[in-house]
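Trainee: I'm new to this one and would like a close look at a single part. Could you walk me through it slowly?

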Amino acid sequence: MADLLVIDDDLDGADALAELMRLAGHEVRVGYDGEEGLHLMQERIPEVVIVDVEMPIVGGPAMAYEMLLRDAGLEAVPVVLVSGVTHLRDIATRVGTPYFLGKPYRHTQVVELVQRALAERIAPRPAPGTTVPTGPAAPRHRP
Amino acid sequence: MAGYAIVIVLLVAGVAGAIRRLDAVDARTEAHIRAKEQEIALTERLRWRNEVVVSSASGYLLSRDPIFLARLREADAAFDEDLAALERRSPTPIEQSLFAEIERVSSEYRRAQEDLLAETQLPVDPRELGEHFETLLQPRRVALAGALDGFARHKQEVIAGVYAEAQRDRRHLLLWTQGLLGVVMLVSLAIAWTFSRQLARVYAKEQQALDAAQKALAARDEIMGVVAHDLRNPLGAITMKAAVLRQEASSEKTRRQAESIENIGMRMEYLIRSMLDVTVLEAGRLTVSPAPCSADGLLREATDLFSGVATSKGIQLARGVEEPGILVRADHDRVLQVLSNLLGNALKFTPKGGRITMSVERRNSSARFAVSDTGPGIARDHVSHVFDRFWRPKESTKAGTGLGLFIARGIVEAHGGRIWVESDPGHGATFYFSMPLAEAEVSTIPLNVGQGAPNPA
């Protein structure tokens, strides 16, 4: 039983993932864009955040970067990147998180990955000098 | 087309003919003039022979030396010979009448000369004889010279006529040739103009077709983008909701139905992913980000992904790593996609109780991956087609899009590698592919940032 946050602009996808996680025994809140996600995180810091890469306004990588900047505990939250984009591995490397999962995936894979993140609790650490892309889906990013 | 060629050939032949005729006219004129000149020379010779006759005769009359008489006879004979030659060369009526005049005058002269010579037998005073010679023969000499001159003048007039005629002919032919050349040029220009217009039309058509094709491609890419984002997300949601339904199912029947929905959803998601990959491949935009990664690690991940399926199908899945620690320079996820495709195919075709072996070994400057199965193998005439887009054996009963190996080849080639298959029909097949080694840069490898489960393909 852990406190999770799922952020995905695809409403059905976010709900389905949240449902899966609840079935796995976790407490799950859902946000439908990066800004809402950050807002929810500041309300209560989750144990793990599951984020889509491409989202309008603030995408996954930009959100992870934002968490690092805002500090106040958010920087210690492990980030699980879930996306159908190609080169997800590269994006994960830039964000500095060891947890990522390309779509399509089996539900068992995402449950196992979240379990691993909960066990290891490795927070994202962008490699020195790397710029975290805000992504094409996050053009109006505000610091 | 052939019509144009015929027109050009005819015109060129006309020009060539005119030029040949020009040449022939020149040759004919030259021969004609040479003949006439020879005749003029003949009249000059006759005049000269007559001088010899006159001087020999007056020499004899004055000296009575028989040497002069002999010379005179000789000169007479030569004169007669040349006169005969001139007769032969005087075929026209005018020439014949001129010749007759020469002959008449010369025979009169000859008669007068013979009379004088006969007088030498009589006792006549040589001085008187000399005077006699002058008064009797001189006018005849002048007459002969006049007749010869008349003949030569006539010949000269003939030459002038030939010249004038040749000149007229030449002018005429030149006009004709130039006219023909002008027509050739005009016709050529017209043909060139026609062809260039036709070509321009064809080119414009091709350009339009190309534009249309490019627009169609752009439209397809756009549709593919829509497919990628707007079709995949709801499909993912369906799959996940099916998984939720399966877990919460109250009856075994519902659970099975939900699982089936989940599997169908997954299949569709893989299909969409294949379509996107093919689009990227065909647009030549497949890019890979190669980084050093462990060959053993890739084989292990691929095995992990398929061990469940292999066990459920009763197939033994083995990894034969004879040489551990090989590092390849490759795009981890893409190479895993290739391995997954090869393994998936092997699992599809290997019967229960069969065996699939994966291995990797060093070959010159690259690593060679191999996936071997104990399935039915691939017919010899199919071996060269298995990597073609949409290719599937006609007699195949297995499901498939015919895209997997096409994508695998695209990925391997984007790495600068090669993919091929060797098969002994009836005894299985082995798929090989090569990847560049990365062992020059061993020291600083950020090996596997995460072990996040990768995509099976």
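Which residues of helix 4 of chain A are buried?

Mentor: Happy to, and keep in mind that this is a predicted model. The buried residues of helix 4 of chain A are L88(A), R89(A), I91(A), A92(A), T93(A), R94(A) and V95(A). That is seven of the eight residues in the helix, which spans 88–95, so helix 4 of chain A is largely enclosed by the rest of the structure. Right after it comes G96(A), with a positive phi of about 90°.

What does the enclosing? From chain A, the cover includes helix 3 (60–70), strand 4 (79–83) and strand 5, and helix 7 of chain B joins in as well. That list points us in two directions, so let's follow the chain A side and then cross over to chain B.

Here's the setting in chain A. It has five helices and five strands, and along the sequence they come in the pattern β-α-β-α-β-α-β-α-β-α. The chain is 143 residues long, and 55% of them count as buried. Among its contacts with a separation of 6 or more, 65% are between residues 24 or more positions apart.

The strands of chain A make an open sheet of five, in the order 2-1-3-4-5, with parallel pairing. Strand 5 (99–102), which helps cover our helix, is an edge strand of that sheet, and the other edge is strand 2 (27–31); each of these pairs on one side only. On average, neighbouring strands in the sheet are turned by 20° against each other, if you ignore direction.

For a look at the pairing itself, take strand 1 (residues 3–7) and strand 3 (residues 48–52) of chain A: they run parallel and are joined by four bridges. L4(A), for instance, has V48(A) in strand 3 as its bridge partner. Lying across strand 1, strand 2 and strand 3 of chain A is helix 2 (residues 34–43), which runs at about 165° to strand 1.

Now for the other direction, chain B. In this chain you'll find eight helices and seven strands. Buried residues make up 28% of its 457 residues. Of the chain B contacts with a separation of 6 or more, 75% link residues 24 or more positions apart.

Where the two chains meet, 24 residues of chain B are in contact with 26 residues of chain A. On the chain B side, helix 4 (126–248), helix 5 (252–282) and helix 7 each supply at least two residues. Helix 4 of chain B gives the largest share, eleven residues. Sorted by class, the side of chain B that touches chain A has ten nonpolar, eight polar and six charged residues.

Helix 7 of chain B, which turned up in the cover of our helix, has partners in its own chain too. One of them is helix 6 (residues 295–313) of chain B: its axis and that of helix 7 (residues 332–349) come within 10 Å and cross at roughly 25°. That makes helix 6 of chain B roughly parallel to helix 7 of chain B, and the crossing is right-handed. From helix 6 of chain B, the contact uses L298(B), E301(B), A302(B), L305(B), F306(B), V309(B), A310(B) and K313(B), while helix 7 of chain B brings V335(B), L336(B), L339(B), S340(B), L343(B) and L347(B). By class, that contact has eleven nonpolar, one polar and two charged residues.

Another partner is helix 8 (residues 404–414) of chain B. The axes of helix 7 and helix 8 of chain B come within 9 Å and cross at roughly 150°, and this crossing is left-handed. Here R334(B), Q337(B), V338(B), N341(B), L342(B) and N345(B) of helix 7 meet G404(B), L405(B), A408(B), I411(B) and V412(B) of helix 8. The classes in this contact are six nonpolar, four polar and one charged.

To come back to where we began: helix 4 of chain A has its buried residues covered by parts that include helix 3, strand 4 and strand 5 of chain A and helix 7 of chain B. In the model, trace that cover starting from L88(A), one of the buried residues.

Definitions and conventions. Residues are numbered from 1 along each chain as its sequence is written. Chains are lettered from A and ligands numbered from 1 in the order in which they are written. This is a predicted model: local features need pLDDT of at least 70, side-chain atom pairs count only at pLDDT 80 or more; totals for chains, interfaces and linings use all residues. Axes are lines fitted to C-alpha atoms, for helices over the stretch in contact, and angles run from 0 to 180 degrees between N-to-C directions. Angles under 35 degrees count as roughly parallel, over 145 as roughly antiparallel, 65 to 115 as roughly perpendicular and the rest as oblique. A crossing is left-handed if the near helix is turned anticlockwise from the far one by less than a right angle, and right-handed if clockwise. Two residues are in contact if their C-beta atoms, placed from the backbone, lie within 7 Å. Ala, Val, Leu, Ile, Met, Phe, Trp, Tyr, Cys and Pro count as nonpolar, Asp, Glu, Lys and Arg as charged, and the others, Gly among them, as polar. A residue is buried if 20 or more other C-beta atoms lie within 10 Å of its own, exposed if 12 or fewer, and partly exposed in between; C-beta atoms are placed from the backbone. Two strands pair if DSSP finds at least two bridges between them.
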